[in-house]
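Visitor: I am new to this structure and should like to understand the terms used for it. Please show it and take me through them.

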Amino acid sequence: MESLNLTTKILVYGYEESTEDIKKLIDEAKSATKGAYAPYSGFHVGAAIMLANGKIVTGNNQENAAYPSGLCAERVAIFSANSQYPDIAITTIAIAALHNGSFTDSPCCPCGGCRQTMVEIENRFDSPLRIVMYGEEKIYEVESIKTLLPLSFSEKSLSE
Ligand code: THU
């Protein structure tokens with residue numbers, strides 16, 4: 001028997017330390033929380049995507065009285081970007097969440113379903129997706145979804 005040891009590299013920094021590009025994307029994600037429809041959870045999430053052509057596309061969570069019919073901010077943003085720019089790779093996504101009137105202290109990390117969607121994005125465009133998770137106290141950044149979802153299921157798995 002052997003063991004497989006995976007390493008996870010996460011950059012941790014504060015807003016003031018981030019680059020101008022990242023600041024802009026975080027600002028867009030924070031602003032996108034305003035459009036969230038979250039009457040059931042009260043958790044308003046915003047996501048902002050940077051495309052390889054320099055355009056920014058945003059999204060926010062959209063809830064439903066039939067809970068599973070709602071969708072997370074990340075997927076609203078990703079599907080919106082892909083529907084408008086089907087041939088343009090997504091290079092970065094920033095995520096922020098507003099709860100009880102203030103942005104969360106901890107970084108807002110994507111749920112499992114959104115992580116799976118992000119794996120598809122990396123495979124579809126054959127390019128890494130940087131993920132910036134905003135928190136008032138600290139920001140987490142990973143260079144690829146493979147960091148957050150190693151050993152993922154993909155198109156390759158279907159052909160084995
Ligand atoms: N949510 C997101 O939009 N993104 C995340 O990364 C985590 C959770 C939404 C789903 C639901 O509308 C609310 O936040 C509470 O789970």
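**Contacts and salt bridges**

Guide: A backbone N or O atom of cysteine 109 lies 3.4 Å from an oxygen atom of the ligand. This is a predicted model, in which local features need pLDDT of at least 70, side-chain atom pairs count only at pLDDT 80 or more, and totals for chains, interfaces and linings use all residues. Residues are numbered from 1 along each chain as its sequence is written, and side-chain values use heavy atoms, with hydrogens and water left out.

Visitor: Why is the pair of cysteine 109 and the ligand called a polar contact?

Guide: A polar contact is a pair of N or O atoms within 3.5 Å (within protein, one must be able to donate a hydrogen and the other to accept it, and residues adjacent in sequence count only if both atoms are side-chain atoms). The distance at cysteine 109 is 3.4 Å, so the pair qualifies. A polar side-chain atom of glutamate 63 also lies 2.5 Å from a ligand oxygen atom.

Visitor: What makes arginine 130 and glutamate 141 a salt bridge?

Guide: The term requires a side-chain nitrogen of Lys or Arg within 4 Å of a carboxyl oxygen of Asp or Glu. Here the N to O distance is 3.9 Å, so the pair counts. Arginine 130 lies in strand β6 and glutamate 141 in strand β7 (strands are DSSP runs of E, at least two residues, numbered from the N terminus).

Visitor: How do you know whether glutamate 141 is buried or exposed?

Guide: Buried means under 20% relative accessible area, exposed over 50%, and partly exposed in between (1.4 Å probe, protein chains only). Glutamate 141 has 11%, so it is buried, whereas arginine 130, at 31%, is partly exposed.

Methods: Helices (H or I, at least four residues) and strands (E, at least two) are DSSP runs, numbered from the N terminus.
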